[in-house]
Amino acid sequence: MDQANPFETPRTFTLHRAEYLVGLAVSTVLMVVHYDEIRWLPAVALFLYIDVIGYLPGALAFRRSDGRPISKTYYTLYNVMHSLITQGAVVGLWCWLIGPEWALLVIPFHLCGDRGLFGNFMKSYALPFEPVRQQGYLRLLDDLGLAHPKPVGHATEPTPVGHVPAQIPTRPAG
């Protein structure tokens, strides 16, 4: 993966996830060490609000869509709420208005867990909201001589929806 080829092979994806597992481990250790100092009501609220705003609406819309594309608003909500930039701003604002506290550890715990444990990164408008293996990516892996990743675990493998093929400009002859 590089600037000219912004995709990940199964190996680089695993390494990328491993970096977030380190962040998850650090936040987990700090939460265990400071367990008695965490205000748990704000911690639970901070943990849940990310998915209540950023994931659940899109997941419900995807499940109700019967294979039709869903609004890109759901993708934007997911990406904004699961952004390290957004959540860093939330932590900074919280520290400024309320003060620093150990409950804020649930934010990196949540984001690093999503990425490290579940492999959930930003959602592309060009792909379905929920993970569905894309034939183009599988062909790329074939071209690179790499094994296909295992299916995601849907009861049935849904047909990819929501992708609009790129228009390739043609050059005039001559």
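This report covers the fold, surface and nonpolar cores of a predicted model.

## Fold

The protein chain is helical, with seven helices and zero strands. From the N terminus on, the order of elements reads α-α-α-α-α-α-α.

Contacts reach far along the sequence. Among those in the protein chain with a separation of 6 or more, 74% join residues 24 or more positions apart.

## Burial and surface

The protein chain has 174 residues, and 30% of them count as buried. Its exposed area is about 11,500 Å². Carbon and sulfur atoms supply 66% of that area.

## The largest nonpolar core

Eleven residues form the largest nonpolar core. Met31, Ile38, Ala43 and Leu46 belong to it, as does Trp94. The remaining members are Ala103, Leu104, Leu105, Val106, Ile107 and Leu111. Two elements, α2 (40-54) and α6 (106-116), each give two or more residues to this core. The top contributor is α6, with three residues.

Met31 shows how parts of this core meet. Leaving aside residues up to four places away in sequence, Met31 touches Ile38, Leu105 and Val106, along with Trp40 and Phe109. Ile38, Leu105 and Val106 are listed in the core together with Met31.

## A second core

A separate core of seven residues is also present. Its members include Ala61, Phe62, Ile70 and Tyr78.

Technical notes: Residues numbered from 1 in each chain as written. Predicted model: local features only at pLDDT ≥ 70, side-chain atom pairs only at ≥ 80, totals over all residues. Heavy atoms only, no water. Core = buried A, V, L, I, M, F, W, Y, C linked by side-chain atoms within 4.5 Å. Buried < 20%, exposed > 50% of the residue type's maximum accessible area, 1.4 Å probe, protein only. Helix = DSSP H or I, 4+ residues; strand = E, 2+ residues; numbered from the N terminus. Contact = heavy atoms within 4.5 Å. Areas by Shrake-Rupley, 256 points an atom, 1.4 Å probe, with all protein chains shown as cover.
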